[in-house]
Amino acid sequence: MRIVEIKERTEILINQLLEVWEDSVKATHLFLSSEEIENIKEYVPQAISGVSHLVIMESESHKSIAFMGIEDRKLEMLFIKNSERGKGLGKQLLNYGIENYNVNRLAVNEQNPEAKGFYEYMGFKTYKRTELDEQGNPYPILYMRLDR
């Protein structure tokens, strides 16, 4: 496995990452309905294309199996293909972001306790909570920052 920084965001790559995103979200965001996932999915390619720093984890066969997006020291997205979860890929990617882009902030759905626990394990602490997500939906968001 290897970490790759992506400059050129081709349609093929964006579609591969969209598949990773959908697989990850279906496994971890159990509070979302299938319809809500489909609605959010429409905006994901734009988010992937627009984030300043896109970093992917490739398998030995050069398939995208995880990715993160970073904007101004904030982790904007981190998704891992469900079959690859629990193998340390999130830790590797997040450490890469901390070391190379000084990532020190993120937001996570409160209803995704595995992600919250992972970020706490990685040294992040909650400093703010909102009842609604950034789109105004009733999904509480925890804002966390690195406490090192």
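This report describes the fold, the surface and selected salt bridges of a predicted model.

**Overall architecture**

The chain contains five helices and seven strands. From the N terminus onward, these elements follow the order β-α-α-α-β-β-β-α-β-α-β-β. The chain is as compact as a globular protein of 148 residues, because its radius of gyration of 14 Å is close to the 15 Å given by the globule rule for that length. The C-alpha trace spans about 40 × 40 × 25 Å along its principal axes.

Of the 148 residues, 45% count as buried. Considering contacts between residues at least 6 apart in sequence, 61% join residues at least 24 apart. The accessible surface of the chain is about 8400 Å², and carbon and sulfur atoms account for 46% of this area. The chain carries 19 positive and 24 negative charges, whose mean positions are 6 Å apart.

**Helix α1**

Helix α1 covers residues 11-28 and includes Ser24. Ser24 has a relative accessibility of 5% and therefore counts as buried. Leaving aside residues up to four places away in sequence, Ser24 touches Phe79 and Ile80.

Glu22 and Lys26 also lie in helix α1, four residues apart, which is about one turn of the helix. The two residues form a salt bridge. Glu22 is buried, with a relative accessible area of 15%, while Lys26 is partly exposed at 48%.

**Salt bridges**

Side chains of opposite charge can pair when their charged atoms come close. A search of the whole structure finds nine salt bridges. Three of them are listed below, among them the pair in helix α1.

| Salt bridge | N to O distance | Relative accessible area |
|---|---|---|
| Glu22 and Lys26 | 3.2 Å | Glu22 15%, Lys26 48% |
| Arg105 and Asp72 | 3.9 Å | Arg105 28%, Asp72 60% |
| Glu84 and Lys87 | 3.1 Å | Glu84 15%, Lys87 46% |

The side chains of Arg105 and Asp72 meet in a salt bridge. Arg105 is in strand β5 (residues 105-109) and Asp72 is in the loop between β3 (64-71) and β4 (74-80), so this pair ties together parts that are 33 residues apart in sequence. Arg105 is partly exposed, whereas Asp72 is exposed.

In the salt bridge between Glu84 and Lys87, Glu84 counts as buried because its relative accessibility of 15% is under the 20% limit. Lys87 counts as partly exposed. Salt bridges with shared partners join Glu22, Lys26 and Lys41 into one network.

Key: Residues are numbered from 1 along each chain as its sequence is written. This is a predicted model: local features need pLDDT of at least 70, side-chain atom pairs count only at pLDDT 80 or more; totals for chains, interfaces and linings use all residues. Side-chain values use heavy atoms; hydrogens and water are left out. Helices (H or I, at least four residues) and strands (E, at least two) are DSSP runs, numbered from the N terminus. The radius of gyration is taken over C-alpha atoms; the globule rule is 2.2 Å times the number of residues to the power 0.38. Buried means under 20% relative accessible area, exposed over 50%, partly exposed in between (1.4 Å probe, protein chains only). Contact means heavy atoms within 4.5 Å. Accessible areas come from the Shrake-Rupley method with a 1.4 Å probe; for residues, only the protein chains shown count as cover. Lys and Arg count as positive and Asp and Glu as negative; His and the chain ends are not counted. The place of a charge is taken as NZ of Lys, CZ of Arg, CG of Asp or CD of Glu. A salt bridge is a side-chain nitrogen of Lys or Arg within 4 Å of a carboxyl oxygen of Asp or Glu.
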